[in-house]
Amino acid sequence: EDAPGSIRWWALWCCGPQWNLWSDLAESVRTGRSFRERHGGKPGYVHLERDAEAANVFNRAMAGLTQRVGREAARVMNWRGVKRVVDVGGGHGELLVELLRAKPALEGVVFDLPHAAKGAVARLKSERLSGRGRFVSGSFFDALPEGADAYLLKSILHNWDDAKALAILKQVRAAMGPGSRIALVERVLPEHPRGGLRDNAIVRSDLNMLVSLGGRERTRKEFAAMLAKAGFGTPTVKATATDYSVLEARAAEPAKAQGHRAGPGRAPATQR
């Protein structure tokens with residue numbers, strides 16, 4: 001666990017809760033439905049609210065995988081005019097921690113379901129970042145905090161089908177003020193995968209989203225079309241040195257109110 005770049009918790013997650021899901025992959029490919037959907041489970045990660053041990057493994061796994069991606073996102077993003085960010089579905093806050101480390105003037109909120117609260121608060125405190133970062137619990141299907149300069153969604157949309165992903169984007173759009181932007185940190189599926197480590201990793205993740213959540217990875221054109229439907233302009237796409245890219249977009253004009261706004265002090269909720 002203490003080795004640099006350790007994937008201990010990711011291995012425990014894959015060989016534990018995910019193992020049975022992949023054993024039924026063929027049926028998910030045939031039907032296009034996730035294991036949980038076919039066996040009466042609820043979508044997303046709501047089940048983690050009832051299983052503290054699984055929630056701990058999941059959130060630590062996501063934190064471990066996010067460290068390098070977070071550093072790359074900090075490097076390639078456009079930070080002009082960004083003073084406050086909301087990490088939507090931020091889990092234990094690893095992405096926000098990496099951004100706050102890289103940008104000393106930045107402040108931020110980790111927004112996620114209650115199961116992530118203890119870990120996120122402890123993570124920010126351990127890095128002495130509690131003065132610039134905090135946790136707010138909630139669901140990104142209900143409302144997000146208003147007024148941030150940037151809303152970050154890492155590995156969020158790929159968990160959901162197109163309808164749910166669009167609903168999340170509309171909530172982000174409703175919370176944004178003039179000049180705000182959205183940044184999606186996601187794997188971008190090639191139009192024609194050609195093999196190699198990067199393409200294979202993205203395709204493998206696409207299958208993982210199918211079998212576990214009924215989600216999917218998306219192409220650049222699919223992301224652009226979905227963002228347009230939610231009221232955003234054409235995204236810029238910047239590749240990183242990982243499997244992930246950063247897609248940044250601002251609100252299209254004229255702006256239209258969509259979804260419900262959060263009250264004062266409320267922040268976004270996330271699920272990965």
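The exercises below concern a predicted model of one protein chain.

Residues are numbered from 1 along each chain as its sequence is written. In this predicted model local features need pLDDT of at least 70 and side-chain atom pairs count only at pLDDT 80 or more, while totals for chains, interfaces and linings use all residues.

**Exercise 1. Confidence**

Find where pLDDT (the predictor's confidence in each residue, from 0 to 100) stays under 50.

Solution. Start with the chain: its mean pLDDT is 88, and 92% of its residues reach 70 or more. Then go to residues 263–272, where pLDDT stays under 50. The model has 62 contacts (heavy atoms within 4.5 Å) beyond four places in sequence for residues 263–272. Where pLDDT is low, the predicted coordinates should not be read in detail.

**Exercise 2. Overall fold**

Decide whether the radius of gyration agrees or disagrees with that of a compact globule.

Solution. The radius is taken over C-alpha atoms, and the globule rule is 2.2 Å times the number of residues to the power 0.38. For 272 residues a compact globule would have a value near 19 Å; the chain has 17 Å, which agrees. Next, the C-alpha trace spans about 45 × 40 × 35 Å along its principal axes. Buried residues (under 20% relative accessible area, with exposed over 50% and partly exposed in between, 1.4 Å probe, protein chains only) make up 51% of the 272. Among contacts with a separation of 6 or more, 75% join residues 24 or more positions apart.

**Exercise 3. Helix α5**

Compare the span of α5 with the expected one, and locate its bend.

Solution. Helices (H or I, at least four residues) and strands (E, at least two) are DSSP runs, numbered from the N terminus; the chain has ten helices and seven strands. Helix α5, residues 52–76, has 25 residues. The expected span is 1.5 Å times one less than the number of residues, which gives 36 Å for α5. From first C-alpha to last, α5 reaches 35 Å, close to that value. The bend, the angle between axes fitted to the seven residues ending at a residue and the seven starting there, is about 40 degrees at T66.

**Exercise 4. Positive phi**

For R128 and S155, give the location, and state whether each is buried or exposed.

Solution. Most residues other than glycine have a negative phi. R128 has a positive phi of about 55 degrees and is found in the loop between α7 and β3. With a relative accessible area of 80%, R128 is exposed. S155 has a positive phi near 55 degrees and lies in the loop between β4 and α8. Its relative accessible area is 4%, so S155 is buried.

How values were computed:
Side-chain values use heavy atoms; hydrogens and water are left out.
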